[in-house]
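Got your viewer open? Load the model, get your selection tool ready, and we'll take it stop by stop.

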Amino acid sequence: PLPLTIAIDGPAASGKGTLARRLADYYHLPHLDTGLTYRAVGHALIIHGLPLDNVSAAETAARQVDLGNLDREALSAHEVGEAASRVAVFPTVRKMLVDKQRAFAAQPGGAVLDGRDIGTVVCPDADVKLYVTASPEVRAGRRLRDIESRGGHADLSEILADIVRRDERDMGREDSPLRPAADAHLLDTTEMSIEAAFQAARTVIDAVL
Ligand code: C5P
């Protein structure tokens, strides 16, 4: 297969992670969920009881992030995602993590990366860029079903408020705000199943192969 780099960005609970995994599987490419790298930094501060605005502690944690050792399970908690978006505003932290993400993207066969700034900052020369969105209400509903399917409970209006707050922080920060790259293909999945989103993404990708 040809070397192929696929950059996928989008807001919280947009379905970009699920899409990235399916595409990586289908095209036999390694996949990096870059959100996990920011989560690892947030998690390190939480477990050490350090405030989330402690830049030097966040830098130390970022330096120690090991892409081969990201524990999705331990990093999946809601408050870890919240902490991740707090430490993700620090340019020095971003630079350390972006260097590691670029090294991953540089694998000879290519890779799939998903996050907030892949098409704009991490892999500006990606072969394909997708920007996945859905309305905040639909994203909140998907997140709720996700939590319930794992036996959990949550309140739809609280999830929606969290999503809106996280979007504002990620789109409003100075360094690498969430936004579609100029050459990204927009995929609005508000009225799309995951299967339909996968097929739409395949159509875009197969056109460059
Ligand atoms: O995608 P996920 O919810 O795991 O991301 C957690 C947080 O990490 C995001 O809200 C965002 O602030 C940050 N992030 C980022 N750049 C990325 C990936 C994630 O700033 N490429």
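Start by selecting Asp33 and Arg72: their side chains make a polar contact at 3.3 Å. (A polar contact is a pair of N or O atoms within 3.5 Å; within protein, one must be able to donate a hydrogen and the other to accept it, and residues adjacent in sequence count only if both atoms are side-chain atoms.) Before you click on, know that this is a predicted model, where local features need pLDDT of at least 70, side-chain atom pairs count only at pLDDT 80 or more, and totals for chains, interfaces and linings use all residues. Residues are numbered from 1 along each chain as its sequence is written, and side-chain values use heavy atoms, leaving out hydrogens and water.

**Stop one: around Asp33**

Stay on Asp33, which belongs to strand β2, residues 31–33. (Helices, H or I with at least four residues, and strands, E with at least two, are DSSP runs numbered from the N terminus.) Is Asp33 buried or exposed? Asp33 counts as buried because its relative accessibility is 16%. (Buried means under 20% relative accessible area, exposed over 50%, and partly exposed in between, with a 1.4 Å probe and protein chains only.) Now look across to β3: Asp33 stands opposite Asp114 there.

**Stop two: the strands**

Select β3, residues 110–115. Six of its six residues are buried, so β3 is largely enclosed by the rest of the structure. Turn it around and you'll find both faces covered, with Gly110, Val112 and Asp114 on one side and Ala111, Leu113 and Gly115 on the other.

Who are its partners? β2 runs parallel to β3, joined by three bridges, and β1 is also parallel to β3, with six bridges. (Two strands pair if DSSP finds at least two bridges between them.) On the β1 link, click Ile8, which stands opposite Asp114.

Follow β1 (residues 4–9) to β4, where the two pair in the parallel sense over four bridges. Asp9 has Tyr131 as its bridge partner in β4. Select all of β4, residues 128–133, and you'll see a mostly covered strand: five of its six residues are buried. Then step over to β5, residues 185–188, which runs parallel to β4 with four bridges. Val132 is the one to click here, as it stands opposite Leu187 in β5.

**Stop three: the ligand**

Now select the ligand, which sits in the largest pocket. (On a 1 Å grid over the protein atoms alone, a pocket is an open set of points with protein on both sides within 12 Å along at least five of seven lines; a molecule sits in it if more than half of its atoms lie within 2 Å of its grid points.) The elements giving two or more residues to the surrounding shell are α2 (35–47), α5 (78–87) and α9 (156–172). Which one gives the largest share? That's α2, with three residues.

Next, show some distances. One ligand oxygen is 2.6 Å from an N or O atom in the Arg39 side chain. A ligand nitrogen is 2.8 Å from an N or O atom in the side chain of Asp117. Arg166 has a polar side-chain atom 2.9 Å from an oxygen of the ligand.

**Last stop: two buried residues**

Click Gly42 in helix α2. With 0% relative accessibility, Gly42 counts as buried. Finish at Ala88, in the loop between α5 and α6 (91–105). Ala88 is 49 residues from Arg39 in sequence, while their C-alpha atoms are 9.0 Å apart in space.

Conventions:
1 Å grid on protein atoms, 1.4 Å probe; cavity = no way out; pocket = protein on both sides within 12 Å on 5 of 7 lines; lining within 4 Å.
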